[in-house]
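Visitor: I'd like to go through this structure and hear what each label rests on. Could you show it to me and take my questions as they come?

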Amino acid sequence: MKVAALYDIHGNLPALEAVLGEVEGEDVDQVIVGGDVVPGPMPAESLEALWNLAIPVRFIYGNGEQDILALHDGQELTRVPEQFHESMRWVADALPSRHLRELETWPPTLSLSIPGLGEVLFCHATPRDDNGLFTSITPEERLRPLFESAGADVVMCGHTHMQFDRTVAGVRVVNAGSLGMPFGEPGAYWASLSSEGIELRRTEYDFAAASQRIRGTGYPTQFVVEHPPSAEDMLKLFESAAGGRRG
């Protein structure tokens, strides 16, 4: 069995198209989408691209989907900084009602048994919380309660948009990275899982052309694909924020 794990697409259709081109050219049996397909500049188109894939696709929700659904239901965006509220409203208005109904059916986690890897738990951020915050350098003592009871050999996650592969409380914890909005070197990041192991992948695509397509959508917030923030800066930011949070 070979599984492609695609996380944090964030409506970046050009990046998604590039990765799906690679996935379709390989012997992939199943695609797992790990949340945060939205928000982003091409939300409906990204969902349609995944739904139209010939390979079986399974979804879990991320904090992005939950916040878009909350906004659509008239709730306040308590987890989203004020500067992103306009773009969140833009996405909620851009998604047809049938897309929103589909998002409501996605579960928070799913488990899959993969020969050679064992039981793999797919979650968006942590097994307990779609918005929990941790990174490759978060001290293990803070993370141990989150993973020692996960009931899995491997936990596959995303949310912080940076790939890593580490062990916490005897559990292998792998971040697939962000397909559509990574930090560090530009590209479309994802992961491949099979009996041969877990491979952290990075796909190149035409960043200048993607930027032009994104600008043409009318998305109200700047969306950077050519020169993303550095991984070092984001690690410092996330670790500072995570100090007062538990996932």
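Visitor: What makes β9 and β10 a hairpin, and how many residues lie between them?

Guide: Before anything else, this is a predicted model. Two residues sit between β9 and β10, and the two strands form a hairpin. They run antiparallel and are joined by seven bridges. Pairing takes at least two bridges, so β9 and β10 count as paired. As one example of who faces whom, Tyr 189 is opposite Arg 202 in β10.

Visitor: Which sheet do they belong to, and what is the strand order there?

Guide: The order is β3-β2-β1-β9-β10, an open sheet of five strands with mixed pairing. On average, neighbouring strands in this sheet are turned by 25° against each other, direction ignored.

Visitor: Why are β3 and β10 called edge strands?

Guide: β3 (57-59) and β10 (197-203) each have a single partner strand, so one side of each has no neighbour in the sheet.

Visitor: How do you know that β1 and β9 are paired?

Guide: Count the bridges again: four of them join β1 (residues 2-6) to β9 (residues 188-194), and the strands run antiparallel. The requirement is at least two, so this pair qualifies. Lys 2 stands opposite Ser 194 in β9.

Visitor: What makes you say that α1 packs on this sheet?

Guide: Contact here needs heavy atoms within 4.5 Å. Helix α1 (residues 13-24) touches β1, β2 (30-33), β9 and β10, so it is said to pack on the sheet. The direction of α1 makes about 25° with that of β9.

Visitor: Now for the sheet with β4 in it: what is its order, and is it open or closed?

Guide: It is open, with five strands in the order β4-β5-β6-β8-β7 and mixed pairing. The edges are β4 (109-114) and β7 (164-168); each has a single partner strand, so one side of each is left without a neighbour in the sheet. Neighbouring strands of this sheet are also turned by 25° against each other on average, direction ignored.

Visitor: What makes the pairing "mixed"? Which strands run parallel to β6?

Guide: Take β6 and β8: they pair in the parallel sense over four bridges. β5 (residues 118-123) and β6 pair in the parallel sense as well, over three bridges. By contrast, β7 and β8 (residues 171-175) run antiparallel, joined by five bridges. Both senses turn up in this sheet, hence "mixed". Val 155 has bridge partners in both directions along the order: Val 173 in β8, and Leu 121 from β5.

Visitor: Which residues face each other across β7 and β8?

Guide: Thr 167 stands opposite Arg 172 in β8, and Asp 165 stands opposite Val 174. The hairpin of β7 and β8 has two residues between the strands, and Ala 169 takes a positive phi near 55° there.

Visitor: Why is β8 called mostly covered?

Guide: A residue is buried if its relative accessible area is under 20%. Four of the five residues of β8 meet that, so "mostly covered" is a fair label. In β6, Val 154 and Met 156 point one way while Val 155 and Cys 157 point the other way, and all are buried. Helix α6 (residues 140-147) packs on this sheet, touching β6 (154-157), β7 and β8, and its direction makes about 80° with that of β7.

Visitor: What lines the largest pocket, and how much space does it hold?

Guide: About 980 Å³ of space lies in it. It is lined by 32 residues, and the closest to its centre are His 10, Phe 84, His 161, Met 181 and Phe 183. Helices α3 (63-72), α4 (85-94) and α8 (231-242) each supply at least two lining residues, with α8 giving the most, at four.

Visitor: How is that lining divided between nonpolar, polar and charged?

Guide: It has 18 nonpolar, 10 polar and four charged residues. Tyr and Cys count as nonpolar, and Gly as polar, so keep that in mind if you use another scheme.

Visitor: And the second largest pocket: what is its volume, and which residues line it?

Guide: Its volume is about 160 Å³. Among the lining residues are Ser 211, Arg 215, Tyr 219, Phe 223 and Glu 226. The lining divides into five nonpolar, four polar and two charged residues.

Conventions. Residues numbered from 1 in each chain as written. Predicted model: local features only at pLDDT ≥ 70, side-chain atom pairs only at ≥ 80, totals over all residues. Heavy atoms only, no water. 1 Å grid on protein atoms, 1.4 Å probe; cavity = no way out; pocket = protein on both sides within 12 Å on 5 of 7 lines; lining within 4 Å. Points joined across faces, edges and corners; volume = space filled by probe spheres on them. Axes fitted to C-alpha atoms, helices over the stretch in contact; angles between N-to-C directions. Buried < 20%, exposed > 50% of the residue type's maximum accessible area, 1.4 Å probe, protein only.
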